[in-house]
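User: I'm new to this structure and I'd like a close look at one part of it, namely how the chains meet. Take your time and keep it informal.

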Amino acid sequence: MGDTLSAAFSVAFHGLAFAMVLYLISVGLSVTMGLMGFVNLAHGVFAMAGGYVLTSLMNRFAVPFVPALLGAAVVVALASFPIERLLYRRLYGGEELDQVLLTMGLVFISVAGATYVWGPLQQPLLPPLWLSGAVDLGIDSFPAYRSFLILCGAALVTALWLGIERTRFGIRLRASVDNLRMAQSVGIDTSRLFMTTFALGSGLAGLGGGLGADLLAINPGYALQNLAYFLIVVAVGGLGSIRGPFVAALLLGVADSGFKYLLPEFGAFFIYALTMAILLWRPRGLFGRA
Amino acid sequence: MTPSRAVEAFARRHHYRPYEALPWVAAVASYFVFPDYLALGAQILATILFALSADLVLGYAGIVTLGHAAFFGTGAYVAGILAAHGWGEPITGLLAGAVAAAVLGFLSGLVVLRTTGLALLMQTLVVATMVAEAANKASFITGGDDGLQGMEVWPIFGRFRFDLFGHTSYLYCLSALFLCWLAVRRMVHSPFGRSLTGIRENVRRMHAIGAPVARRRLIIYIISAALAGISGGLIAQTTQFVSLSFLSLERSGTVLIMLIIGGVGRLYGAFIGVPLYMVAQNRFSEIDPVYWYFWIGLLMVFIVVFARGGVLGLFDQFQR
Amino acid sequence: MNAPALETRGLHKSFGALTVANAVDFRLESGARQALIGPNGAGKTTFVELVTGALRPSAGQINLDGADVTDLPQAARVKRGLVRTFQITALFRGLSILENVTLAICERQGIGGGLFWPAGRYRAAIEEAHALLEQVGLEDEALSPVTTLAYGRQRLVEIAISLALSPKVMLLDEPAAGVPSAESGTIIEVIERLPTDIAMLIIEHDMDLVFRLAQRITVLVQGSILVEGTPEEIAADPEVRRVYLGERPRR
């Protein structure tokens, strides 16, 4: 009995950590897809870039963990501005196929670019001393880094939701997701809103990629390997939704760690089957609007 | 214009034009001109068929899919597994691959085609990922990560052995492509094919003129899956190897790229895009496989920004 | 008396709290020339979508020529002769005018799913399509892409496509919407010349067009039928003048 309980805690704990990473990375994708109707298959590139910036800052330049993490988010967010202005913006409201092509192209470029700069091997994330080892949470002891990851993720999610609920930017964003044309006609500068949202989403993805570097290994194929995960979170959560992907990420994270524990052989397969079942039941996702 | 002239022009539209012989002349000529590259040539021909099948769903029915490799890989694995387990007869192997892919197309189409747009795109991706995962886990029969090995493909009609230089492979792939192309061309010009264009152009209107839209989309999805399966089977039989990459997202993506380089919804886009892509890949990969990705990525961005319609689209612009 | 060509009984549709069709009892006699008018947002287009089957009603019944079609899919209703045009032109943009009409004829004849013979082999279908183009005066442009036509002439293609389906009931959703007044005359003439055995319901904003074409007028307001009668009766009805005609700018 004790074993089962401890296993359940362990599954929940690791699932939660994974869910945080998935959510941080995917929430921006959900918003860009829902708000701008843009099929962004290159979203994982921003997460990967966050991972590379973080590990490089730490491993090559000996920057401490926390500043390096913030640096990753800022660098990725800044880098996303020109990409949005020069490439993405052309295709808002355009054909899906063009968007698929453009973003697949960016993924391919990222694969080559990352191999050129960092080589084909995976980048190790060495957490600082204060995050190594384990913490005893009474029931069981858990790895310190992942505990930090969960806390950090929870704090970010709260901040994000509060921001979207309370700030002027958040109000505009919600209005535009709800009805873009209406938002434009009441004078919201949607072009600027898109740019800011895109940068924010990319920055969060960079942060998520960096934080999650020990869960989703940083290597040149990152954007391609994990694309299905990010898309599943968005599809199951519901396009344009901000909270939907959180529920989806929780579901995916816990299911993933649960299946890996119970049925390590067929874990991934069940995840996909579950996704299909949910999409069959609700083609627009759990929180998607009809 | 007199009534008869307009009707006449319409009624003659499916007739063969001289330029349509070009790809075949080029393919036969290549056989004699590049005897050292027949193995690559065979792969190009089989991949043209894959791109042609993708063109049917993408270019004609307007279904944007990221999971077409599922059908390609299924055909390859079925043909490959048969050959590795004692049934090396190539033509029945190919047909078995086509049937298996068609069945998968039917089952997944029932689910996937209920949606459109973004949701459809994601569902095709999820289906393909599931198939890839299933193949990975069934390593006792597929070989898993190591790929499927030990295939023994018998001579075609019991007479023509697959030789080291690829003579047989090339002609085998060429014949299969030619037959499939005849069928596809016929279908594209049939009322069914025209109604697909109608669905792509305006689905609401298609409903309003009483067309069974869902059934048409499912039928073309199945046909396209079968053709992709044949293409996969051809590559499996001629290279005697199948790996998990046959089912990958990358494969689904690159076939779209090849098609777009040539031109979508034109029947001949595949014949231009695939050779261009594969010959370039062959050249550049020799220099450095990683940078191939860089250049192809850049090319895709370039196409989207500057050259929609691919090579054939540029032709159109030039003519105007 | 014969069953009406089209009839709805207690037709009801709501999206959440918003009711867009409220207990609509509507009759369209065979061969009728009737108009459905109402202010913006009255639910006119929703009514068309419900009747054609693009939307499912929340409650109520739809009869076509006396037969209940409420549960039939859109395609089956088209086969029984219920045909619509679109308010905003909805043509097959990449195709020629002739082919736009031919596609509809192929569907009507049940050959639209034929995989084997080329479309060009079905000569009778193409010739019939061409004859329809003559009927609406588009035969000279039969092979031009539909996008090269002026908007007003594209509306004629809309009508030709509907005619290709051998309609018994035609729902014309704002047939002259967006057309410059110089060109709308042609459209009205074409509609006036349509075979009289087709029951026709014109959904319109343009009062001149309604009074010229319709023998009876139904006024829809907020999803319910306010009143129905001859053009004279409608024009004289004080309630209609208040909610509908009164809306028109007087300045």
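How far apart are the nearest C-alpha atoms of chain A and chain C?

Analyst: The nearest C-alpha atoms of chains A and C are 11 Å apart, and the two chains do not touch. One thing up front: the model is predicted, so local features need pLDDT of at least 70 and side-chain atom pairs count only at pLDDT 80 or more, while totals for chains, interfaces and linings use all residues. Residues are numbered from 1 along each chain as its sequence is written, with chains lettered from A and ligands numbered from 1 in the order in which they are written.

Two pairs of chains touch, and the pair with the most contacts (C-beta atoms, placed from the backbone, within 7 Å) is B and C. Let's start with the other pair. There, 39 residues of chain A are in contact with 35 residues of chain B. On the chain A side, helix H4 (96-118), helix H10 (227-237) and helix H12 (267-281) each give two or more residues (helices are DSSP runs of at least four residues, strands of at least two, numbered from the N terminus). H4(A) gives the most to that side, with 16 residues. By class, the side has 30 nonpolar, four polar and five charged residues (Asp, Glu, Lys and Arg are charged; Ala, Val, Leu, Ile, Met, Phe, Trp, Tyr, Cys and Pro are nonpolar; the others, Gly among them, are polar).

H10(A) is mostly covered, with 11 of its 11 residues buried (20 or more other C-beta atoms within 10 Å; 12 or fewer is exposed, in between is partly exposed). Among the buried ones are A:Tyr229, A:Phe230 and A:Leu231. Just after H10(A) comes A:Gly238, which takes a positive phi of about 110°. Elsewhere in chain A there's helix H5 (residues 144-166), which has 23 residues and reaches 33 Å from its first C-alpha to its last. In H5(A), the residues A:Tyr145, A:Arg146, A:Leu149 and A:Gly153 are buried.

Now for B and C. This contact takes 31 residues from chain B and 40 residues from chain C. On the chain B side, two or more residues come from each of helix H1 (3-11), helix H8 (167-189), helix H9 (191-201) and helix H10 (203-208). H9(B) brings the largest share, seven residues. The chain B side splits into 14 nonpolar, nine polar and eight charged residues.

Two single residues make a nice contrast. B:Pro18 sits in the loop between H1 and helix H2 (22-33) of chain B, and B:Pro18 is exposed because its surroundings hold 6 other C-beta atoms within 10 Å. B:Pro18 and B:Thr197 are 179 residues apart in sequence and 24 Å apart in space, C-alpha to C-alpha.

Over in chain C, C:Leu28 lies in strand E2 (residues 18-28). C:Leu28 is buried, since it has 24 other C-beta atoms within 10 Å. Measuring from C-alpha to C-alpha, C:Leu28 and C:Leu6 are 5.1 Å apart in space but 22 residues apart in sequence. Setting aside neighbours within four places in sequence, C:Leu28 is in contact with residues including C:Pro4, C:Ala5, C:Leu6 and C:Gln34, and also with C:Val169, C:Ala199 and C:Leu201.

So back to your question: chain A and chain C do not touch, whereas chain B is in contact with chain A and also with chain C.

Definitions and conventions
The expected span of a helix is 1.5 Å times one less than its number of residues.
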